[in-house]
Amino acid sequence: MADCIFCSIANHDIPTDPIYEDELIIAFNDLEPQAPVHFLVVPKKHIESIDAATEDDSELISHIMLTIPKLAAEQGLENGYRIVINTGDDGGQTVKHLHFHILGKRKMTWPPG
Ligand code: AMP
Ligand code: ZN
């Protein structure tokens with residue numbers, strides 16, 4: 001999708017240094033990390049948010065969820081981590097392309113801000 005930063009990253013239209021990539025997804029470190037480890041897992045398909053996902057995306061989302069623990073292990077998050085999907089304005093979503101935050105290497109607090 002034109003003018004979508006994560007589509008541009010997924011298409012390698014802008015230089016990026018992925019920590020993981022396959023035909024369906026790309027993962028890269030967040031520009032403004034909120035934890036010592038903070039990376040994003042992004043489907044290459046433009047889906048505006050989890051609200052816009054459909055049954056057709058079931059395999060893709062399953063693939064993301066099953067890949068996250070492997071990437072977390074590679075990033076040394078053996079003590080645990082947090083997966084965040086900010087959704088819509090009240091959810092704090094700023095980039096309107098579905099993405100999964102993975103945060104770790106510090107103790108997370110609850111409730112979140
Ligand atoms: P959200 O607020 O959940 O939509 O998260 C968007 C995230 O994307 C924020 O944590 C930003 O720091 C991050 N971000 C925005 N642009 C880039 C970029 N070019 N490379 C890496 N992370 C980015
Ligand atoms: Zn996009």
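**Sheet, cores and zinc site of the predicted model**

Five strands form an open sheet in the order β1-β2-β3-β5-β4, with antiparallel pairing. The edges of this sheet are β1 (20-21) and β4 (81-84), each of which pairs on one side only. The description given here rests on a predicted model. Between β3 and β5 the antiparallel pairing extends over five bridges. Phe39 has Ile102 of β5 as its bridge partner. Helix α2 packs on the sheet and touches β1, β2, β3, β4 and β5. The direction of α2 makes about 155 degrees with that of β3.

The largest nonpolar core comprises 15 residues. Those with the most contacts inside this core are Phe39, Val41, Ile64, Ile68, Leu77, Phe100 and Ile102. Two or more residues are contributed by each of β2 (25-29), β3 (37-43), α2 (58-74) and β5 (100-104). The greatest contribution comes from α2, which supplies five residues. A second core, separate from the largest one, has ten residues, among them Cys7, Ile9, Ala10 and Phe28. In soluble globular proteins, nonpolar side chains tend to be buried together. The surroundings of Leu77 illustrate how one core residue is placed: with neighbours within four places in sequence left aside, Leu77 is in contact with Val37, Phe39, Ala72, Ile102, Gly104 and Lys105. Two of these partners, Phe39 and Ile102, are also the residues paired through a bridge.

The zinc ion (ligand 2) has as its protein donors Cys4 (SG), Cys7 (SG), His46 (ND1) and His97 (ND1), which lie 2.0 to 2.3 Å from the ion. Angles of 105 to 117 degrees among the four donor atoms make the site of the zinc ion (ligand 2) tetrahedral. In sequence, the donor residues follow the spacing C-x2-C-x38-H-x50-H. Because Cys7 belongs to helix α1 (residues 5-10) and His46 to the loop between β3 and α2, this pair ties together parts that are 39 residues apart in sequence. The two residues fall into separate accessibility classes: Cys7 is buried, with a relative accessible area of 4%, whereas His46, at 24% relative accessibility, counts as partly exposed. Cys7 thus appears both among the donors of the zinc ion (ligand 2) and in the second core.

Several features of the backbone remain to be described. Most residues other than glycine have a negative phi, and most peptide bonds are trans. Against this background, the peptide bond from Trp110 to Pro111 is cis, with omega near 5 degrees. Pro111 is placed in the segment after β5. Positive phi values in residues other than glycine are found at His12, where phi is near 60 degrees, and at Lys105, where phi is near 70 degrees. His12 is located in the loop between α1 and β1, and its relative accessibility of 39% classes His12 as partly exposed. Lys105 lies in the segment after β5 and is likewise partly exposed, with a relative accessible area of 47%. Lys105 is also one of the residues in contact with Leu77, itself a member of the largest nonpolar core.

Note on methods: Residues numbered from 1 in each chain as written. Chains lettered and ligands numbered in written order. Predicted model: local features only at pLDDT ≥ 70, side-chain atom pairs only at ≥ 80, totals over all residues. Heavy atoms only, no water. Core = buried A, V, L, I, M, F, W, Y, C linked by side-chain atoms within 4.5 Å. Buried < 20%, exposed > 50% of the residue type's maximum accessible area, 1.4 Å probe, protein only. Helix = DSSP H or I, 4+ residues; strand = E, 2+ residues; numbered from the N terminus. Contact = heavy atoms within 4.5 Å. Pairing = 2+ DSSP bridges. Axes fitted to C-alpha atoms, helices over the stretch in contact; angles between N-to-C directions. Donors = N, O, S within 2.8 Å, 3.2 Å for Na, K, Ca; no water. Tetrahedral: all angles 85-135°; square planar, octahedral: opposite > 155°, others 65-115°.
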